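Work through the exercises below with the structure open. Try each task before reading its solution.

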Amino acid sequence: MLRWAEVHLERLLLNYKTVKKLCRKQVYAVVKANAYGHGSREVATFLEKNSDVYGFAVATYEEGACLREAGVKRPILVMSSTLEEGREFLKEYELTPVVYDFTELRLAKELNVPFHLKVDTGMGRLGFLEEEWGELLSELQGLPVAGVMTHFSSADEDEEFTLCQLKKFEKFVSTLKKEFPNIEIHAENSAAALYRFNNFLTHCRVGLALYGVPPEEGYPELRQVMKVKAKVLTVKELPPNYPVSYSKTYRTKERERVAVISFGYADGYPRELSNRGEVLIKGKMCPVRGRVCMDMTVVSVDGVSAEKGDVATLYGDAITFKSVAEKIGKIPYELMCSISPRVERVYFGLQKCNAESSAGTV
Ligand SMILES: *Cc1c(COP(=O)(O)O)cnc(C)c1O
């Protein structure tokens with residue numbers, strides 16, 4: 001194997017417990033987009049077996065169906081699709097749709113399946129606007145409303161606005177509860193869990209923190225679940241003033257040892273890391289030289305005893321998704337989601353990992 005992503009499930013479980021302690025609610029683990037690149041089947045079945053996770057949240061019906069096919073039994077919430085797309089899947093796979101406009105509501109009525117409502121309290125994306133709430137409430141009578149949700153736009157950076165959204169949500173919920181007293185109520189994502197809301201909310205929807213990426217300062221300690229690694233294809237010593245990679249954006253000064261890593265932008269290593277990234281080989285930071293290519297990246301191994309076949313760590317404990325994202329003006333979500341299917345996922349379960357964790361944390 002030349003390139004792989006290790007998924008450390010024992011860390012996922014630690015992060016889950018940390019999040020649970022923080023939000024003190026039932027948790028929907030967000031596993032959309034293949035669990036942010038970690039593998040949604042593996043992540044969901046693992047959590048279902050090893051934790052008290054309440055359910056899972058995905059973006060599409062296909063994602064939900066795929067979890068059911070893998071044997072997942074707990075509730076699955078489909079957050080951003082249409083019932084037109086979902087109608088064939090809904091009953092066969094027992095998925096819970098999120099209804100966010102009147103077209104969806106009409107179809108939900110027709111299909112007569114339990115659903116969650118989504119209201120817009122300041123995200124400006126999916127959900128009924130405040131001006132529609134009156135009409136909405138009047139149309140809900142007798143329908144199988146199972147839950148209600150909203151989504152925060154700025155939980156990691158604007159407390160005042162977040163509290164404002166929460167208040168607006170509470171207003172809607174208090175009216176809704178008169179007719180539907182026992183529904184699920186959820187708003188928090190990973191960042192909002194830090195507010196430790198202790199109120200009318202019953203559930204939360206957490207993704208990022210489960211995968212070990214702290215959404216903001218002051219978050220309890222998390223462990224990054226994924227480590228991305230690739231092998232050194234070859235090592236050689238370039239002469240002085242020798243160009244490296246496309247467009248010759250780097251030239252050696254003296255003679256310089258370089259290693260060619262079998263990982264490029266097609267694997268999800270951002271091209272923005274050209275001449276800026278670093279990878280870890282034999283415990284040493286090795287700077288990227290020249291442009292990141294589609295399948296390969298060249299790094300300096302001057303003074304590093306690197307050899308053909310050595311393993312380079314592209315993301316891990318010393319090079320986190322968060323730190324790399326900050327360096328190049330991206331967000332960690334993007335970096336995790338872009339690790340391509342060509343990169344094989346390798347899972348470490350609980351037992352395997354106890355042995356491994358004593359071997360070091362690189
Ligand atoms: C993705 C998503 C979440 C999870 O957000 P994190 O920041 O990853 O915790 C929660 N709610 C909705 C509606 C989402 O789309």
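The exercises cover the ligand, its shell and two pockets.

This is a predicted model: local features need pLDDT of at least 70, side-chain atom pairs count only at pLDDT 80 or more, and totals for chains, interfaces and linings use all residues. Residues are numbered from 1 along each chain as its sequence is written, and side-chain values use heavy atoms, with hydrogens and water left out.

**Exercise 1.** Find the residues around the ligand and sort them by class.

Solution. Start with the shell, where a residue counts if one of its heavy atoms lies within 4 Å of the ligand. There are 14 residues around the ligand. Lys32, Tyr36, Ser190, Leu208 and Tyr333 come nearest. Now sort the shell: six residues are nonpolar, four polar and four charged. Tyr counts as nonpolar here, and Gly as polar.

**Exercise 2.** Identify polar partners of the ligand's oxygen atoms.

Solution. Look for pairs of N or O atoms within 3.5 Å. Begin with the backbone. A polar backbone atom of Gly207 is 2.9 Å from a ligand oxygen. For Leu208, a polar backbone atom is 2.8 Å from an oxygen of the ligand. Then turn to side chains: Tyr333 places a polar side-chain atom 2.6 Å from a ligand oxygen. Next, check the cover. On its own the ligand has 390 Å² of accessible area (Shrake-Rupley, 1.4 Å probe). The protein covers 92% of that area.

**Exercise 3.** Locate the ligand's site and describe its lining.

Solution. The ligand sits in the largest pocket (more than half of its atoms lie within 2 Å of the pocket's grid points). Two elements give two or more residues to the ligand shell: α2 (32–36) and β9 (203–206). The pocket holds about 790 Å³ of space. Its lining has 38 residues. Tyr36, His151, Asn189, Leu208 and Tyr333 lie nearest the centre. Elements giving two or more residues to this lining are α2, α9 (190–193), β9, α10 (321–328) and α11 (332–337). By class, the lining has 20 nonpolar, seven polar and eleven charged residues.

**Exercise 4.** Describe the second largest pocket.

Solution. About 230 Å³ of space lies there. Of its 15 lining residues, Ile76, Glu94, Leu95, Thr96 and Pro114 are closest to the centre. β4 (76–78) and α5 (83–93) each give two or more residues to the lining.

Methods: Polar contact = N/O pair within 3.5 Å; in protein donor to acceptor, adjacent residues only side chain to side chain. 1 Å grid on protein atoms, 1.4 Å probe; cavity = no way out; pocket = protein on both sides within 12 Å on 5 of 7 lines; lining within 4 Å. Helix = DSSP H or I, 4+ residues; strand = E, 2+ residues; numbered from the N terminus. Points joined across faces, edges and corners; volume = space filled by probe spheres on them.
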